[in-house]
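This report describes the fold of one chain and the surroundings of its two ligands. The sequence and the structure come first, and the description follows.

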Amino acid sequence: MAEAKNTILIGIAGGTGSGKTTLADKVVDSFGRDEVSILRHDNYYKRHDEMNYEDRSKLNYDHPDAFDTELLCEHIKELKKGKAIQMPVYDYTIHNRSDKTILVEPAPVIVLEGILIFAEPSLCELMDIRVFVDTDADVRILRRIVRDVKDRGRSLDSVINQYLTTVKPMHEQFVEPSKRRADIIIPEGGENAVALEMLIQRVRKHLEEA
Ligand SMILES: Nc1ncnc2c1ncn2[C@@H]1O[C@H](COP(=O)(O)OP(=O)(O)O)[C@@H](O)[C@H]1O
Ligand SMILES: Nc1ccn([C@@H]2O[C@H](COP(=O)(O)O)[C@@H](O)[C@H]2O)c(=O)n1
């Protein structure tokens, strides 16, 4: 099937807690479901049914190999061809994929968010606009502690231990260097009203031309 002419992929990367989900959701919520679709790299974390919870909780979730990026690339290509896909759904509280999927319809604009989306060349090259949300590490870890304890079923000790053993070193090795692949760098993510408005205008321009 021929590629749909007018689909653009906007990648939103940034460290954990930087505000990329907030930014991506605000862009998507400004438009109709038939105009902008959303994909999340986190939903493509590999399934680990062969391990128990305790072993899964010890895995490194901040290395590119933790993700099934090949499946995500296939899904993006399908969407660009005008075909709907079933996006997996990840459940952080059990450190595994859930049995649910979300139907994602093709749309003129697809937003993709994730910590490591610029670190994978095969994925990065599919993007038309690359946005990196840049937020200081101290702010990010404070946000992460609150979120992981409230929403992801974690203890304070486990968040601190995971941050020091894998999250921080992987951020320094993979996430931070991937910033140089960005077209736009946005400080502070979703609460940056000026940057959000510029992104919305860019999407609107594409929709008018599509
Ligand atoms: N600019 C901001 N100021 C204060 N809190 C924020 C801001 N942006 C995001 N948050 C909060 O920080 C947490 C992490 O934000 P999120 O957008 O999920 O980041 P990410 O997807 O990069 O991990 C969430 O609880 C969110 O509500
Ligand atoms: N089972 C898992 C899977 C992932 N994580 C962490 O999620 C972070 C990425 O999500 P953000 O919304 O923060 O960008 C990543 O840093 C992983 O450490 C996890 O804790 N448990």
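## Central strand pairing

G11 has R130 in β6 as its bridge partner. The two residues belong to a parallel pairing of β1, residues 8-14, with β6, residues 129-134, which extends over five bridges. The model is a predicted one.

β6 also pairs with β7, again in the parallel sense, and here the count is four bridges. In this second pairing V131 stands opposite I184 of β7.

## The open sheet

These pairings are part of an open sheet of five strands, ordered β2-β5-β1-β6-β7 and paired in parallel. At its edges are β2 (36-40) and β7 (184-187), each of which pairs on one side only. From one strand to the next the twist averages 20°.

In a regular strand the side chains alternate between the two faces of the sheet.

Helix α1 lies across four of the strands named above, namely β1, β2, β5 (109-113) and β6. Relative to β5, α1 runs at about 165°.

## The hairpin

β3 and β4 make a hairpin, with four residues between the two strands. The turn includes H95, whose phi is positive at about 55°. Strand β3 covers residues 85-91 and strand β4 covers residues 96-104; their pairing is antiparallel and has six bridges.

Two positions show how the hairpin strands line up. Q86 has L103 in β4 as its bridge partner, and Y90 stands opposite R97 of β4.

## Surroundings of ligand 1

The shell around ligand 1 has 14 residues, and those that come nearest are G19, T21, T22, R143 and E191. Two elements, α1 (20-29) and α5 (137-151), give two or more residues each to this shell. The largest share, three residues, is from α1, the helix that lies across β1, β2, β5 and β6.

What is the make-up of the shell around ligand 1 by residue class? It has nine polar and five charged residues, and no nonpolar ones.

## Surroundings of ligand 2

Around ligand 2 are T16, G17, T21, D42, Y45, Y61, D62, Y92, H95, I115 and V167. T21 is also among the residues that come nearest to ligand 1, and H95 is the residue with positive phi in the turn of the β3-β4 hairpin.

By class, this shell divides into five nonpolar, four polar and two charged residues. The shell around ligand 1, in contrast, has no nonpolar residues.

## The chain as a whole

The chain has seven helices and seven strands. Along the sequence they follow the pattern β-α-β-α-α-β-β-β-α-β-α-α-β-α. The chain is as compact as a globular protein of its length, because its radius of gyration of 17 Å is close to the 17 Å that the globule rule gives for 210 residues. Taken along the principal axes, the box that the C-alpha atoms fill is roughly 50 × 40 × 30 Å.

## Record annotation

An unreviewed UniProt entry lists residues 9-194 as "domain: Phosphoribulokinase/uridine kinase". In the model, residues 9-194 are 38% helix and 23% strand. The C-alpha atoms at the two ends of this range are 21 Å apart.

Terms used: Residues are numbered from 1 along each chain as its sequence is written. Chains are lettered from A and ligands numbered from 1 in the order in which they are written. This is a predicted model: local features need pLDDT of at least 70, side-chain atom pairs count only at pLDDT 80 or more; totals for chains, interfaces and linings use all residues. A residue is near a molecule or strand if its C-beta atom, placed from the backbone, lies within 6 Å of it. Ala, Val, Leu, Ile, Met, Phe, Trp, Tyr, Cys and Pro count as nonpolar, Asp, Glu, Lys and Arg as charged, and the others, Gly among them, as polar. Two strands pair if DSSP finds at least two bridges between them. Axes are lines fitted to C-alpha atoms, for helices over the stretch in contact, and angles run from 0 to 180 degrees between N-to-C directions. Two residues are in contact if their C-beta atoms, placed from the backbone, lie within 7 Å. UniProt positions are given in the numbering used here, feature names are shortened, and annotations may be inferred rather than shown by experiment. The radius of gyration is taken over C-alpha atoms; the globule rule is 2.2 Å times the number of residues to the power 0.38.
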